[in-house]
There are 2 protein chains.
Amino acid sequence: MNDVFLADCRARLAFDLMANTWNPVVLWALREGPLRPAELRRRLGGISTKVLTETVRRLEFNGLVSRRDCGRTAKVEYSLTDLGTTLLAPIEAFGEWAFRYGDEVMAAQDEAARFRDLA
Amino acid sequence: MNDVFLADCRARLAFDLMANTWNPVVLWALREGPLRPAELRRRLGGISTKVLTETVRRLEFNGLVSRRDCGRTAKVEYSLTDLGTTLLAPIEAFGEWAFRYGDEVMAAQDEAARFRDLA
DNA sequence: CTGTATCCTTATAGATACTG
DNA sequence: CAGTATCTATAAGGATACAG
């Protein structure tokens with residue numbers, strides 16, 4: 001993988017899937033099985049119903065999540081598709097990275113912020 | 001790594017580093033050594049000078065990239081810090097994913113788009 | 001060549017209220 | 001409970017022109 005990486009739009013495509021606040025976290029939250037919207041919201045923390053719906057629709061559009069309407073209203077479940085499941089490993093790689101190096105990033109931010117104050 | 005993943009803000013921090021169009025690609029472009037801004041722009045494709053500067057400043061702020069002013073004007077180099085280098089592996093994981101599954105994503109998009117047209 | 005300064009368009013996200 | 005509808009705020013990205 002050389003500079004195809006930069007040229008090939010498939011790489012861009014993968015990054016675009018991560019280039020948003022909720023996509024990766026929603027995929028991760030669904031890793032163990034289907035969830036209903038309310039439960040999903042609880043796990044995600046401060047996400048509004050509107051943003052959750054948008055996010056899930058986006059993931060559905062990209063083939064990563066499927067929506068199942070079991071019954072009629074108020075009986076909905078979201079789950080990972082097979083394709084969505086393949087994204088868990090890369091996502092986890094970032095999670096692991098965060099646990100190892102998150103402190104260093106925050107330290108760098110503090111440093112940069114202090115420097116900015118001095119200037 | 002259970003639901004700490006969702007609660008711990010360090011995970012958010014890592015995702016935020018990816019949650020933007022240019023951050024990951026710039027890091028990747030710098031993987032083999034320092035680059036001057038003009039060369040960096042060439043490798044990235046359609047990025048404006050303004051956006052490149054913003055991106056690189058952001059990465060600098062987070063301790064992932066360092067700017068070296070060799071001489072005075074028009075003699076600048078950007079390179080990965082040690083911390084920035086640790087992000088290459090997770091980024092590559094997404095690149096690999098894209099090459100394996102990018103076609104499936106695009107197929108899903110086409111499918112969804114067609115379905116939308118019918119509806 | 002590097003970087004800043006404007007201006008503009010769009011997407012994301014959040015808050016809130018409301019419908020089935 | 002699921003989802004839509006508004007409205008608002010903000011940030012990202014892009015185009016372009018200009019300064020050091």
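The following dialogue explains how to read a predicted model of two protein chains with two DNA strands.

Me: How many helices and strands does chain A have, and in what pattern do they follow along the sequence?

Reply: A chain is first read as a list of its secondary-structure elements. Chain A has seven helices and two strands, and along the sequence they follow the pattern α-α-α-α-α-β-β-α-α.

Me: What share of the residues in chain A is buried?

Reply: A residue counts as buried when its relative accessible area is under 20%. In chain A, 42% of the 119 residues are buried. The accessible surface of this chain comes to about 6,300 Å², and carbon and sulfur atoms hold 50% of that surface.

Me: Among the contacts in chain A with a separation of 6 or more, what percentage joins residues 24 or more positions apart?

Reply: Contacts can be sorted by the separation of their residues along the sequence. In chain A, pairs 24 or more positions apart account for 43% of the contacts with a separation of 6 or more.

Me: What rotation superposes chain B on chain A?

Reply: Two copies are compared by finding the movement that superposes one on the other. Here a rotation of 180 degrees, with 0.0 Å of shift along its axis, brings chain B onto chain A with an RMSD of 0.1 Å. This is the relation of a two-fold axis. In chain B, Ala19(B) has the C-alpha nearest the axis, at 1.8 Å. Both copies use the same surface, since 100% of the contact residues of chain B recur in chain A.

Me: Which residues are closest to DNA strand D?

Reply: A residue is taken as near a strand if one of its heavy atoms lies within 4 Å of it. DNA strand D is surrounded by 18 residues, and the closest are Ala38(A), Arg67(A), Thr21(B), Trp22(B) and Lys50(B). They divide into seven nonpolar, five polar and six charged residues.

Me: Which elements supply at least two residues each to that surface near DNA strand D?

Reply: From chain A these are helix H4 (37-44), helix H5 (49-61) and strand S2 (76-80), and from chain B helix H5 (49-61). The largest share, four residues, comes from H5(A).

Me: Which parts of DNA strand D lie within 4 Å of the protein?

Reply: The atoms of a strand may be divided into sugar or phosphate on one side and bases on the other. For DNA strand D, 60% of the atoms within 4 Å of the protein belong to sugar or phosphate, and the rest to bases. Individual atom pairs give examples. A backbone N or O atom of Ala38(A) is 3.0 Å from a phosphate oxygen of this strand, and a side-chain N or O atom of Tyr78(A) is 3.1 Å from a phosphate oxygen. The side chain of Thr49(A), in contrast, places an N or O atom 3.0 Å from a base oxygen.

Me: How many residues surround DNA strand C?

Reply: There are 18, and the closest are Thr21(A), Lys50(A), Ala38(B), Thr49(B) and Arg67(B). Sugar and phosphate make up 60% of the atoms of DNA strand C within 4 Å of the protein. A polar backbone atom of Ala38(B) is 3.0 Å from a phosphate oxygen of DNA strand C, while a polar side-chain atom of Thr49(B) is 3.0 Å from a base oxygen. H5(B) gives the largest share of the surface near DNA strand C, with four residues.

Note on methods. Residues are numbered from 1 along each chain as its sequence is written. Chains are lettered from A and ligands numbered from 1 in the order in which they are written. This is a predicted model: local features need pLDDT of at least 70, side-chain atom pairs count only at pLDDT 80 or more; totals for chains, interfaces and linings use all residues. Side-chain values use heavy atoms; hydrogens and water are left out. A polar contact is a pair of N or O atoms within 3.5 Å; within protein, one must be able to donate a hydrogen and the other to accept it, and residues adjacent in sequence count only if both atoms are side-chain atoms. Ala, Val, Leu, Ile, Met, Phe, Trp, Tyr, Cys and Pro count as nonpolar, Asp, Glu, Lys and Arg as charged, and the others, Gly among them, as polar. Buried means under 20% relative accessible area, exposed over 50%, partly exposed in between (1.4 Å probe, protein chains only). Contact means heavy atoms within 4.5 Å. Accessible areas come from the Shrake-Rupley method with a 1.4 Å probe; for residues, only the protein chains shown count as cover. Copies are superposed by least squares on the C-alpha atoms of residues with pLDDT of at least 70 in both.
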